[in-house]
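Got your viewer open? Here's a short walk with a few stops, and at each one you'll get something to select.

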Amino acid sequence: MPARFSAYPPDRAVVVRLLDEGRRYGVGRGTTSELQLDHTSVSRRHAEILGDAAGWRLVDVGSKNGLRVDGRLVSEAHLSSPAWFAIGDVYCWLEPMDADSARDAAAFADVRRSTSRALSQQLQHVAGVDALLRHTLDAVLELSQLERGFVLYGATSDDLRVRAAQGLRSDELAESAFAGSAGALRRCLAERHSVICCDTSDSPWLGARPSVVLGGIRALVCVPVVFGNELLGAIYADSRQPGPLLTEFDLELVEGVAQQAGAALAAARLRGAVDELLDAAGQAGIAAPRWSDLQPR
């Protein structure tokens, strides 16, 4: 029978995969693992998950930190019903599914991927930077299913400002009462890499931060907006309520929107620069030649 595998590495997106009956899946930190878990407690080759008609088997393949099922260290376990287990310090959930449920889950993923493409394509046709930033934020909130957020954007990376916001009042974005996670934003901007946290209470670096504690933030995602080598800004979204877990798939969709937004913002910036040059030339009495004037007669 098929199964859904979910792993919850700290300070990472949830890893969710649909497993096919009859296959062998390697689990480990190494890049060759079918189920890769990027956590220091996980060995490069840690375990294998094997499925057949009777259920699923979990086998330790010589890991350093072992496997635990129901809190007990084991070398092998048979999982015929939904069960929690730990690979190193990463908690995992395996849920056997019938064939119809597996097809429905795959179809839902296809629908979300199509939705993401449609939202990204819409950004190409939005006129004006402010409207573009609002549409980008709407798309990220829809895909992440978080409740509020904002977009930072500026002429340079040293002059980033909040240019679009949803679910946050202007006073909540003031420096003295910032209601988001300043630490997540700083890391995202400094490393130009997405920051994601599914449950801040379990996060060793976010859980104790004043902005997170006072703001009651439970989950967040922060994605840089980059075009080429230039940092254009960042998209931040969070939720104060327990909600859907943020998966690698969710992050992939959100980063796709951010990538499209970066290209659209760069194009808008270029159009603005061209318009400024034409205006300056016009004011200087230098009219831009028309195409009809350039054609041979």
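## A tour of charged pairs

Start by selecting glutamate 76, which is partly exposed, with a relative accessible area of 43%. Keep in mind as you look around that this is a predicted model.

Now add arginine 57: its side chain meets that of glutamate 76 in a salt bridge, at 2.8 Å from N to O. The two come from distant parts of the chain, 19 residues apart, with arginine 57 in strand E6 (residues 55-60) and glutamate 76 in strand E9 (residues 76-79). Arginine 57 is also partly exposed, at 32%.

That's one of twelve salt bridges found in the whole structure. For another, select aspartate 238 and arginine 148, whose closest N and O atoms are 2.5 Å apart. Aspartate 238 lies in strand E16 (residues 230-239) and arginine 148 in strand E12 (residues 148-153), so this pair ties together parts that are 90 residues apart in sequence. Buried or exposed, what is aspartate 238? It counts as buried, at 0% relative accessibility, and arginine 148 is buried too, at 1%.

Next, head to helix H1 (residues 99-123) and pick arginine 112. This residue counts as buried, at 12% relative accessibility. Show its side chain together with that of aspartate 250 and you'll find a polar contact of 2.4 Å. Arginine 112 also touches other residues beyond its sequence neighbours, including Leu143, Gln145 and Phe249.

Last stop: arginine 113 and aspartate 110, a salt bridge with its closest N and O atoms 3.4 Å apart. They're separated by about one helical turn because they sit three residues apart in helix H1. Arginine 113 is partly exposed at 31%, and aspartate 110 is partly exposed at 45%.

Notes:
Residues numbered from 1 in each chain as written. Predicted model: local features only at pLDDT ≥ 70, side-chain atom pairs only at ≥ 80, totals over all residues. Heavy atoms only, no water. Helix = DSSP H or I, 4+ residues; strand = E, 2+ residues; numbered from the N terminus. Buried < 20%, exposed > 50% of the residue type's maximum accessible area, 1.4 Å probe, protein only. Polar contact = N/O pair within 3.5 Å; in protein donor to acceptor, adjacent residues only side chain to side chain. Contact = heavy atoms within 4.5 Å. Salt bridge = Lys/Arg side-chain N within 4 Å of Asp/Glu carboxyl O. Lists of a residue's contacts leave out its neighbours within four places in sequence.
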